[in-house]
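I opened my notebook for a friendly look through one model. Here is what I looked up, entry by entry.

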Amino acid sequence: MFNLWFGALFMIIHFTLFLISYRMFGRIGIYAWIGMATVLANIQVVKTVELPLGIIITLGNTMYGTIYLASDLLNEKYGEKAAKKAVWFGFFTLVATTVIMQMALLFEPVQEPFPLEVQGSLETLFGLLPRIALGSLCAYFVSQFLDVKIYSVLKRMFPAPNKLWIRNNGSTLVSQLVDTLIFCTIAFAGEYESDVWLSIFLSTYIIKFIVSLVSTPFLYAARSFTFKEESH
């Protein structure tokens, strides 16, 4: 049960820190968060934890979910163009981090006199399995732009301020389904039996959508923030 209640706290801390970043730094804080989140989500994904009923998930789902929160907030307050810019920013951050860390791993580490050898740990965190890396990049690129587009459509269909939950969860419901389908297909299709693949797909998607639902009150709170420099 520890993983369950601590996981709930884990989500709340993520969203609270996101609000603090936006409150302190405005729109720049959202872009900075997206850059950080794309990197941390791909580091956290190497750690799996077990929830009650034997459900196995990766930690990266929560951090990855905050990227949707960030792009939806940008779309809500600053428009579709700002949200698309954030998607490109996150994609560049992910690609740049991948390239730089792959090069860093190629350096030959000093063996003596340093007793602590971190090469193996770095390889565990940043070593690329081609299918997983490709799946992550493709899923991010397609699903994030899809989320922005669907949000913009729902914003025109349901423009009322109190319909924010429809715009947020409606866009995320579809885009995260596509995200999970692309990633699981590229990364795991053929590697597991069909029933195992389906289990991974369903558990991943359900957790991602739960994260989206929990993020909704934080999106309402963030929308209420005002900044003097943005009022001119």
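**Entry 1: a cut-off before I start.** I call a residue buried when its relative accessible area is under 20%, exposed when over 50%, and partly exposed in between. I also remind myself that this is a predicted model.

**Entry 2: a stacked pair.** I began with Tyr 140, which is buried because its relative accessibility of 1% is under 20%. Which ring does Tyr 140 stack with? I counted 18 aromatic pairs. Among them, Phe 91 and Tyr 140 are stacked, at 6.4 Å centre to centre and 15° between the planes. Phe 91 sits in helix α4 and Tyr 140 in helix α6, so this pair ties together parts that are 49 residues apart in sequence. Phe 91, at 21% relative accessibility, counts as partly exposed.

**Entry 3: an edge-to-face pair.** I next looked up Phe 183 and Phe 188, whose rings meet edge-to-face, with 5.6 Å between centres and 90° between planes. Phe 183 has 18% relative accessibility and counts as buried. Phe 188 is buried as well, with a relative accessible area of 17%.

**Entry 4: a ring cluster and two charges.** I followed the ring pairs and found a cluster that links Trp 88, Phe 91, Tyr 140, Phe 141 and Phe 145. Then I checked for charges over rings. Arg 27 places its charged end over the ring of Tyr 78, 4.1 Å from the ring centre. Lys 85 does so over the ring of Tyr 31, at 5.8 Å from the centre.

**Entry 5: the largest pocket.** I noted about 990 Å³ of space in the largest pocket. Which elements give two or more residues to its lining? I listed α2 (27-44), β2 (55-58), α3, α4 (80-106), α5 (119-126), α6 (130-157), α7 (164-188) and α8 (194-223). The largest share, 6 residues, comes from α6. The lining has 39 residues, and those nearest the pocket centre are Asn 42, Val 45, Val 46, Ile 132 and Phe 183. I met Phe 183 above as one ring of the edge-to-face pair. By class, I sorted the lining into 24 nonpolar, 13 polar and 2 charged residues.

**Entry 6: the second largest pocket.** Here I noted about 450 Å³ of space. I found 22 lining residues, with Asn 3, Gly 7, Ala 8, Leu 51 and Ile 57 nearest the centre. At least two residues of this lining come from each of α1 (2-25), β1 (48-51), β2, α3 and α8. Which element gives the most? It is α1, with 8 residues. My tally by class is 15 nonpolar, 6 polar and 1 charged.

**Entry 7: Asn 61.** Is Asn 61 buried or exposed? Asn 61 is buried, because its relative accessible area is 7% and the cut-off is under 20%. I placed Asn 61 in helix α3, which spans residues 60-78. Leaving out residues up to four places away in sequence, I found that Asn 61 touches Thr 204, Ile 207, Lys 208 and Val 211.

**Entry 8: Ser 199.** I closed with Ser 199, which lies in helix α8. Ser 199 counts as partly exposed, at 44% relative accessibility. How far apart are Ser 199 and Ile 55 in space? I noted 9.1 Å from C-alpha to C-alpha, with their places 144 residues apart in sequence.

Key
Residues are numbered from 1 along each chain as its sequence is written. This is a predicted model: local features need pLDDT of at least 70, side-chain atom pairs count only at pLDDT 80 or more; totals for chains, interfaces and linings use all residues. Side-chain values use heavy atoms; hydrogens and water are left out. Helices (H or I, at least four residues) and strands (E, at least two) are DSSP runs, numbered from the N terminus. Buried means under 20% relative accessible area, exposed over 50%, partly exposed in between (1.4 Å probe, protein chains only). Contact means heavy atoms within 4.5 Å. On a 1 Å grid over the protein atoms alone, a cavity is a set of points where a 1.4 Å probe fits but cannot get out, and a pocket is an open set with protein on both sides within 12 Å along at least five of seven lines; lining residues have an atom within 4 Å of a point. Grid points are joined across faces, edges and corners, and a volume is the space filled by probe spheres set on the points. Ala, Val, Leu, Ile, Met, Phe, Trp, Tyr, Cys and Pro count as nonpolar, Asp, Glu, Lys and Arg as charged, and the others, Gly among them, as polar. Rings of Phe, Tyr and Trp (its six-membered ring) pair if their centres lie within 6.5 Å; planes under 30 degrees apart count as stacked, over 60 as edge-to-face and the rest as tilted. A charge sits over a ring if NZ of Lys or CZ of Arg is within 6 Å of the ring centre and within 35 degrees of the ring normal.
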